[in-house]
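This report describes the fold, the inner spaces and selected residues of one protein chain. Please consult the sequence and the structure shown below while reading.

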Amino acid sequence: MSALSMIRPVLLVAAPFFLALGLVLPLVRFETLYFFDRTPSLIEVVVSLWQGGDGLLAAIVALVSILLPLLKMIGIAAEATAAGGGAGSLFYRRVVPHLSKWSMMDVLLVAIVIAAAKTTGLADAFTQPGLWCYAASSMISGLLHSLMGDASGPK
């Protein structure tokens, strides 16, 4: 049994596990005063945007931060468990590479928000476990995509 075939099942479980944690755990903690702080999760950010009247922005964040990573993981899992070609393989070859290009965008955006909050002096901002779990999920799914591309031979 090769190292790739041994690690792939672990990565296939770890990526969605960390994505789920990244969606529900706090992403960032903002401290505006000594007695006030806020630690929203990604899902809370989407809900807050929606309830605040920013439906389009909420839809974009939900699409890019929740739906596209789920589709990518479904595509990778379908390809990893498929016996041959077919629709799953076509989805994997055609769609997953495009989804992979957007994988770390959310982590970058949160990093920019943290830097902006710290440099303006309006608030202190600190990363929370949700951001690290989300980043881990993105990196693991990217690694899986890369490993599976290497295993399938030249494209």
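Which pattern does the chain follow when it is read along the sequence? The model, which is predicted, follows the pattern α-β-β-α-α-α-α-α-β-α. In total, the secondary structure comes to seven helices and three strands.

**Chain as a whole**

The chain has 155 residues, and 34% of them count as buried. Among contacts with a separation of 6 or more, 67% are accounted for by residues 24 or more positions apart. The exposed surface of the chain is about 9200 Å², and carbon and sulfur atoms supply 72% of that area.

**Pocket and cavity**

Rolling a probe the size of a water molecule over the atoms shows where empty space is left. The largest pocket has a volume of about 390 Å³. Its lining is made up of 19 residues, and those nearest the centre of the pocket are Leu42, Val45, Val61, Leu109 and Val110. Two or more lining residues come from each of the following elements: strand S1 (28-33), helix H2 (42-51), H3, helix H6 (105-120) and H7.

How many cavities of 30 Å³ or more does the count give? The count comes to one cavity. About 100 Å³ of space lies in the largest cavity. This cavity is lined by 13 residues, of which Leu68, Pro69, Lys72, Leu99 and Ser103 are the closest to its centre. Helix H3 (55-81) and helix H7 (129-151) are the elements that give two or more residues to this lining. The most comes from H3, which gives five residues.

The table sets out the classes of residue in the two linings.

| Space | Nonpolar | Polar | Charged |
|---|---|---|---|
| Largest pocket | 17 residues | one residue | one residue |
| Largest cavity | seven residues | four residues | two residues |

**Two buried residues**

Gln128 is located in the loop between strand S3 (124-127) and H7. Is Gln128 buried or exposed? Gln128 counts as buried because its relative accessibility is 15%, and the cut-off for buried is under 20%. When its neighbours within four places in sequence are left aside, Gln128 is in contact with Pro26, Leu27, Val28, Arg29 and Thr39.

His145 lies in helix H7. With a relative accessibility of 14%, His145 therefore counts as buried. Apart from its neighbours within four places in sequence, the residues in contact with His145 are Ile76, Tyr92, Val96, Pro97 and Ser100.

**Aromatic pair**

A pair of aromatic rings is described by the distance of the centres and the angle of the planes. The structure holds one such pair. Phe17 and Phe18 form this pair, with 5.7 Å from centre to centre and 65 degrees between the planes, an edge-to-face arrangement. Why does Phe18 count as partly exposed? Phe18 falls into this class because its relative accessibility is 26%, whereas buried means under 20% and exposed means over 50%.

Terms used. Residues numbered from 1 in each chain as written. Predicted model: local features only at pLDDT ≥ 70, side-chain atom pairs only at ≥ 80, totals over all residues. Heavy atoms only, no water. 1 Å grid on protein atoms, 1.4 Å probe; cavity = no way out; pocket = protein on both sides within 12 Å on 5 of 7 lines; lining within 4 Å. Points joined across faces, edges and corners; volume = space filled by probe spheres on them. Helix = DSSP H or I, 4+ residues; strand = E, 2+ residues; numbered from the N terminus. Nonpolar A, V, L, I, M, F, W, Y, C, P; charged D, E, K, R; others polar. Buried < 20%, exposed > 50% of the residue type's maximum accessible area, 1.4 Å probe, protein only. Contact = heavy atoms within 4.5 Å. Phe/Tyr/Trp six-rings, centres within 6.5 Å; stacked < 30°, edge-to-face > 60°. Areas by Shrake-Rupley, 256 points an atom, 1.4 Å probe, with all protein chains shown as cover.
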